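Colleague: I should like to learn how to read the features of a model such as this one. May we go through a few of them in turn?

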Amino acid sequence: MMNESRGESLERFFSGLTEYVFFSRMGVADTELVDYLSHLLVRFSKTDSMQRVRLKTGQPVTEIIEMMSEAQNRIGVAKRKIHRHIGDFTLFWSGMYPEALRELPGPDRSDQFVSYCYQGKLAYEIASEIEGEEDDAPCELLRRLSDDFEMCAYGLREIRREWETPDEGAGPTNLLIL
């Protein structure tokens, strides 16, 4: 039996699901985009990754408006990282848990969901215009994430649906046990 760490198992699980949904079911053959989304799922499976943006006091920022404010106070690579995080954060939530966004307080919840997605697209667009570090996501990829935000969010919803659907021949559940 292969000795594999929990992190490697999670990477394989999300990689397989992401490839299956995007390549086979949706016909999206952009391997760089699919790999990015797979890694996004792995990163955001850890709570601390969702709380990467911090105030000067060290307190985590979890509201988009606060993240955007922090991005305005930064320049260069630091600004790019925050905008990329805003894009990742909004894509993750709008794709994986859109029902949570529709429950946000306010007069028109559907408009809030659309606004949330718009902020994610805008954040990726801004990040794509700032050159990053060598090991960071390429500008072209961030631009594609902005342009194809809705399609990516839909694909993430399909990934969630896939892991929540019992596999007929696999026993009682197809959930990954770590």
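Colleague: How many aromatic pairs does the count come to?

Modeller: This is a predicted model, and the count comes to nine aromatic pairs. One of them joins Phe89 and Trp93: the ring centres lie 6.5 Å apart and the planes meet at 55°, so the pair is tilted. Planes under 30 degrees apart would count as stacked, and those over 60 as edge-to-face.

Colleague: Where do Phe89 and Trp93 lie?

Modeller: The general idea concerns the geometry of a helix. An α-helix has 3.6 residues a turn, so residues three or four places apart point the same way. In the present case, Phe89 and Trp93 are both in helix α5, which covers residues 76-96. Four residues, about one turn of the helix, separate them.

Colleague: Is Phe89 buried or exposed? I would put the corresponding question about Trp93 as well: what is its relative accessible area?

Modeller: The cut-off for buried is under 20% relative accessible area. Phe89 has 7% relative accessibility, and therefore counts as buried. Trp93 has a relative accessible area of 23%, so Trp93 is partly exposed.

Colleague: Which residues do ring pairs link into a cluster?

Modeller: The cluster consists of Phe44, Phe89, Phe92, Trp93 and Tyr97, linked by ring pairs. A ring may also have a charge over it, as at Tyr36. There the charged end of Arg43 sits over the ring, 5.7 Å from the ring's centre.

Colleague: Let us return to helix α5 and take Arg80, which lies in it. Is Arg80 buried or exposed?

Modeller: Arg80 has a relative accessible area of 0%, and so is buried. Its side chain reaches the backbone oxygen of Ile130 at 2.5 Å. With neighbours within four places in sequence left aside, the residues in contact with Arg80 include Ala127, Glu131, Asp136, Pro138 and Leu142.

Colleague: How should one read the length of a helix, for example α9?

Modeller: One compares the reach from the first C-alpha to the last with the span expected at 1.5 Å a residue. Helix α9, residues 149-164, has 16 residues and reaches 23 Å, close to the expected 22 Å. Among the buried residues of α9 are Phe149, Cys152, Leu156, Ile159 and Trp163.

Colleague: Finally, where is the place of Ala100?

Modeller: Ala100 is in helix α6, residues 98-102. Its relative accessibility is 30%, so Ala100 counts as partly exposed. Phe113 is 13 residues from Ala100 along the chain, and their C-alpha atoms are separated by 9.6 Å.

Definitions and conventions. Residues are numbered from 1 along each chain as its sequence is written. This is a predicted model: local features need pLDDT of at least 70, side-chain atom pairs count only at pLDDT 80 or more; totals for chains, interfaces and linings use all residues. Side-chain values use heavy atoms; hydrogens and water are left out. Rings of Phe, Tyr and Trp (its six-membered ring) pair if their centres lie within 6.5 Å; planes under 30 degrees apart count as stacked, over 60 as edge-to-face and the rest as tilted. Helices (H or I, at least four residues) and strands (E, at least two) are DSSP runs, numbered from the N terminus. Buried means under 20% relative accessible area, exposed over 50%, partly exposed in between (1.4 Å probe, protein chains only). A charge sits over a ring if NZ of Lys or CZ of Arg is within 6 Å of the ring centre and within 35 degrees of the ring normal. The expected span of a helix is 1.5 Å times one less than its number of residues. A polar contact is a pair of N or O atoms within 3.5 Å; within protein, one must be able to donate a hydrogen and the other to accept it, and residues adjacent in sequence count only if both atoms are side-chain atoms. Contact means heavy atoms within 4.5 Å.
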